[in-house]
Amino acid sequence: MAKSREEVPESAKISLLNCIDLSSRNIQSSVSLLKQACLDSGFFYVINHGIDEEFMDEVFSQSKEFFSLPLEEKMKLLKNEKSRGYTPLFDEILDPDNQKIGDYKEGYYIGIEVPEDHPDAHKPFYGPNMWPSADILPGWKETMAKYHEKALEVGKKVSQLIALALGLDFNFFDQPGMLGEPIAILRLLHYEGLASEPAKGIIGAGAHSDYGFITLLVTDNKYGLQICKDKDAKPQIWEYIPPLKGAFIVNLGDMLERLGNCYFRSTLHRVLGNGQERYSIAYFVEPNHDYIVECLPAYQSEKNPPKFPPIKYQDYLLQRYKDTQADLNSYK
């Protein structure tokens, strides 16, 4: 995909990712490519995933319609205690040590729809979603609910390949205690047309790793996403990930890093603005609330003990949200 000089500096590094074809019958080849990507950068493309481009375009179109509403309309859907709904500009600060202000983006959270009278409705991140009025955005709820369902199917297919790459059973992750009853979060994102200045602490999305199992990301045709393969390097080296029409950009989260004792890494990434509006759609595939994240037996030994203590996943996720997102009381 050709890049525009207005979008990417001439001296910028571009990362070339492996491309995983979910329609391929050569599972061994797909697993090999995926494993190579997970060891190299923790990022890869997924194509032929079963969600057609026309529907993806419709999701983007309806996302733009929401973000184009007046702020007072969007604030009527301000996120609740279950992290459902609208998040304004600067709500999130992903890299507080290096950011002067919060992320220069707004978002909208949609989770698995759980009625208020459901036995699990009391759990964090579960409950009814918040939806714009059908009078204002007709068909919006139905489109987003359908996308949420389809993206979870893709996430489970990718998880099967990851299981094989780790030497596990094909359906290891697709069990009730993990991805069979997951926390799965769709987040629509809109980056304002502000040019980032990392040295001054102004950035679209601060440097971070994702918290869960994997993230499925689709973007518009604007550059912005960068990865840092070695977060301990001084100075850090950042590489752009080119947009790829119709493909998911998939990256590994902290849970997978912990399960494999850092065999696969959860890679640092950020988003730089270049003065143009940018839209993306992130889908976070997260395990069940009660899943205990701990090193798999095959990835620990006397010489290589677990690098992280066991932790219940909901506790980890709640802490990460508390560390990076504005308190609801700040909006009162």
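User: Which residues lie nearest the centre of the largest pocket?
Analyst: This is a predicted model, in which local features need pLDDT of at least 70 and side-chain atom pairs count only at pLDDT 80 or more, while totals for chains, interfaces and linings use all residues. Residues are numbered from 1 along each chain as its sequence is written, and side-chain values use heavy atoms, leaving out hydrogens and water. A pocket is an open set of points on a 1 Å grid over the protein atoms alone, with protein on both sides within 12 Å along at least five of seven lines; lining residues have an atom within 4 Å of a point. Of the 14 residues lining the largest pocket, those nearest its centre are E81, S83, Y321, K322 and A326.

User: How much space lies in the largest pocket?
Analyst: The lining of the largest pocket divides into 6 nonpolar residues (Ala, Val, Leu, Ile, Met, Phe, Trp, Tyr, Cys, Pro), 5 charged (Asp, Glu, Lys, Arg) and 3 polar (the others, Gly among them). A volume is the space filled by probe spheres set on grid points, which are joined across faces, edges and corners. For the largest pocket, this space is about 320 Å³.

User: Is S83 buried or exposed?
Analyst: S83, one of the residues nearest the centre of the largest pocket, lies in the loop between α3 (71-75) and β4. Its phi is positive, about 60°, although S83 is not a glycine. Relative accessible area under 20% means buried, over 50% exposed, and in between partly exposed (1.4 Å probe, protein chains only). With a relative accessibility of 12%, S83 is therefore buried.

User: Which element gives the most residues to the lining of the largest cavity?
Analyst: A cavity is a set of grid points where a 1.4 Å probe fits but cannot get out. The lining of the largest cavity comprises 26 residues, with H208, D210, H269, A282 and F284 nearest the centre. Two or more lining residues come from each of β5 (105-110), β6 (183-191), β7 (205-208), β8 (214-219), β11 (248-252), β12 (268-271) and β13 (278-286). The most, 5 residues, come from β13.

User: What is the volume of the largest cavity?
Analyst: The structure contains 4 cavities of 30 Å³ or more. In the largest cavity, the lining has 14 nonpolar, 6 polar and 6 charged residues. The volume of this largest cavity is about 350 Å³.

User: How many residues apart along the chain are K245 and D57?
Analyst: K245 and D57 form a salt bridge, with the closest N and O atoms 2.7 Å apart; the term means a side-chain nitrogen of Lys or Arg within 4 Å of a carboxyl oxygen of Asp or Glu. K245 belongs to the loop between β10 (239-240) and β11, and D57 to helix α2 (residues 53-67), where helices (H or I, at least four residues) and strands (E, at least two) are DSSP runs numbered from the N terminus. K245 is exposed at 51% relative accessibility, whereas D57 is partly exposed at 36%. Their pairing links distant parts of the chain, and the separation of the two residues is 188 residues.

User: Which parts of the structure are tied together by the pair K105 and E92?
Analyst: The side chains of K105 and E92 form a salt bridge of 2.8 Å, N to O. This pair joins parts that are 13 residues apart in sequence, so it ties together strand β5, which holds K105, and the loop between β4 (85-87) and β5, which holds E92.

User: Which residues are joined into one network by salt bridges that share partners?
Analyst: The structure holds 16 salt bridges. One of them pairs E197 with K200 at 3.2 Å, N to O. Elsewhere, shared partners join a network made up of E92, D103, K105 and R187.

User: Where does F170 lie?
Analyst: F170 forms a nonpolar surface patch with I27 and L164, with about 220 Å² of accessible area together. Such patches join nonpolar side chains (Val, Leu, Ile, Met, Phe, Trp, Tyr) within 5 Å, from residues with over 30% relative accessible area and no salt bridge; like charges are joined within 9 Å. F170 is partly exposed at 36%, and its place is the loop between α4 (140-165) and α5 (176-180).

User: Which peptide bond is cis, with omega near 0°?
Analyst: The bond leads to P235, a residue in the loop between β9 (225-228) and β10. The cis peptide bond is the one from K234 to P235.

Technical notes: Accessible areas come from the Shrake-Rupley method with a 1.4 Å probe; for residues, only the protein chains shown count as cover.
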